[in-house]
Amino acid sequence: MKTPKTRKSYCKKCKKHTEHKSVQNKTTGKRGALKRGSINRAKKRGLGVGYGNLGNYGSKPAVTKWKRAGSKTSKKIALKLTCNKCKTSKILQQRRSKKVEFV
Ligand SMILES: [Zn+2]
């Protein structure tokens with residue numbers, strides 16, 4: 001993905017279109033819930049304790065070979081636009097792309 005270093009965009013604070021500087025936002029996407037951690041938490045609360053394999057709480061099958069079928073090769077990229085006048089920043093919608101180039 002090729003994006004310009006600066007672009008004109010609407011600024012909420014200035015209430016008009018101003019020149020914005022764009023950088024790649026570092027925190028892109030949300031991390032999923034920690035599976036192992038949530039199991040540990042459930043056990044502390046008294047869930048999933050007892051005999052046998054207790055479904056979600058029980059042991060998982062041993063995975064000998066990890067194969068990620070159809071994994072995505074691109075990453076979600078969010079661009080951060082900062083207003084040159086008042087320094088207010090906003091985040092653009094995430095898009096999938098292999099790499100970002102600022103031209
Ligand atoms: Zn502004």
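The following questions and answers set the values computed for this predicted model against the definitions behind its descriptive terms.

The model is predicted, so local features need pLDDT of at least 70 and side-chain atom pairs count only at pLDDT 80 or more, whereas totals for chains, interfaces and linings use all residues. Residues are numbered from 1 along each chain as its sequence is written, and side-chain values use heavy atoms, with hydrogens and water left out.

Q: What makes a residue a donor of the zinc ion, and which residues are the protein donors?
A: Donors are N, O and S atoms within 2.8 Å of the metal (3.2 Å for Na, K and Ca); water is not among the atoms, so sites may look incomplete. The SG atoms of C11, C14, C83 and C86 lie 2.2 to 2.3 Å from the zinc ion. These four cysteines are therefore its protein donors.

Q: Why is the arrangement around the zinc ion called tetrahedral?
A: Four donors count as tetrahedral if all angles lie between 85 and 135 degrees; four count as square planar and six as octahedral if opposite donors are over 155 degrees apart and all others between 65 and 115, and anything else is irregular. The angles subtended by the four donor atoms here are 104 to 121°, so the arrangement is tetrahedral. For reference, the ideal angle for four tetrahedral donors is 109.5 degrees.

Q: How are the donor residues of the zinc ion spaced in sequence?
A: The spacing is C-x2-C-x68-C-x2-C. One pair, C14 and C83, links distant parts of the chain, with their positions 69 residues apart in numbering: C14 is in the loop between strand 2 (6-11) and strand 3 (16-24), and C83 is in strand 5 (residues 79-83). Strands here (E, at least two residues) are DSSP runs numbered from the N terminus, as are helices (H or I, at least four residues).

Q: Why is C83 called buried, whereas C14 is called partly exposed?
A: Buried means under 20% relative accessible area, exposed over 50%, and partly exposed in between (1.4 Å probe, protein chains only). C83 has 0% relative accessibility and so counts as buried. C14 has a relative accessible area of 25%, and is therefore partly exposed.

Q: What makes strand 5 and strand 6 a pair?
A: Two strands pair if DSSP finds at least two bridges between them. Strand 5 and strand 6 have three bridges, in the antiparallel sense, and therefore qualify. Within this pairing, K80 stands opposite I91 in strand 6.

Q: How many bridges join strand 2 to strand 3, and how many join strand 3 to strand 5?
A: Six antiparallel bridges join strand 2 to strand 3, and five join strand 3 to strand 5, also antiparallel. Between strand 2 and strand 3, R7 has H20 as its bridge partner, and K8 stands opposite E19. Between strand 3 and strand 5, S22 has L81 as its bridge partner.

Q: Why are strand 2 and strand 6 called edge strands?
A: The open, antiparallel sheet has four strands in the order 2-3-5-6. Strand 2 and strand 6 (89-91) each pair on one side only and are the edge strands. Neighbouring strands of this sheet are turned by 40° against each other on average, direction ignored; the axes are lines fitted to C-alpha atoms, for helices over the stretch in contact, and angles run from 0 to 180 degrees between N-to-C directions.

Q: Is S22 buried or exposed, and which residues is it in contact with?
A: S22 has 5% relative accessibility and so counts as buried. Contact means heavy atoms within 4.5 Å. Leaving aside neighbours within four places in sequence, S22 is in contact with P4, K5, K80, L81 and F102. The side chain of S22 reaches the backbone oxygen of P4 at 2.9 Å.

Q: What makes the approach of T6 to E19 a polar contact?
A: A polar contact is a pair of N or O atoms within 3.5 Å; within protein, one must be able to donate a hydrogen and the other to accept it, and residues adjacent in sequence count only if both atoms are side-chain atoms. The side chains of T6 and E19 make such a contact at 3.5 Å. T6 lies in strand 2 and, at 38% relative accessibility, counts as partly exposed.

Q: Why are K15 and K87 called exposed?
A: The relative accessible area of K15 is 65%, so K15 is exposed, and K87 likewise counts as exposed at 60%. K15 has a positive phi of about 60° although it is not a glycine, and K87 has one of about 65°.
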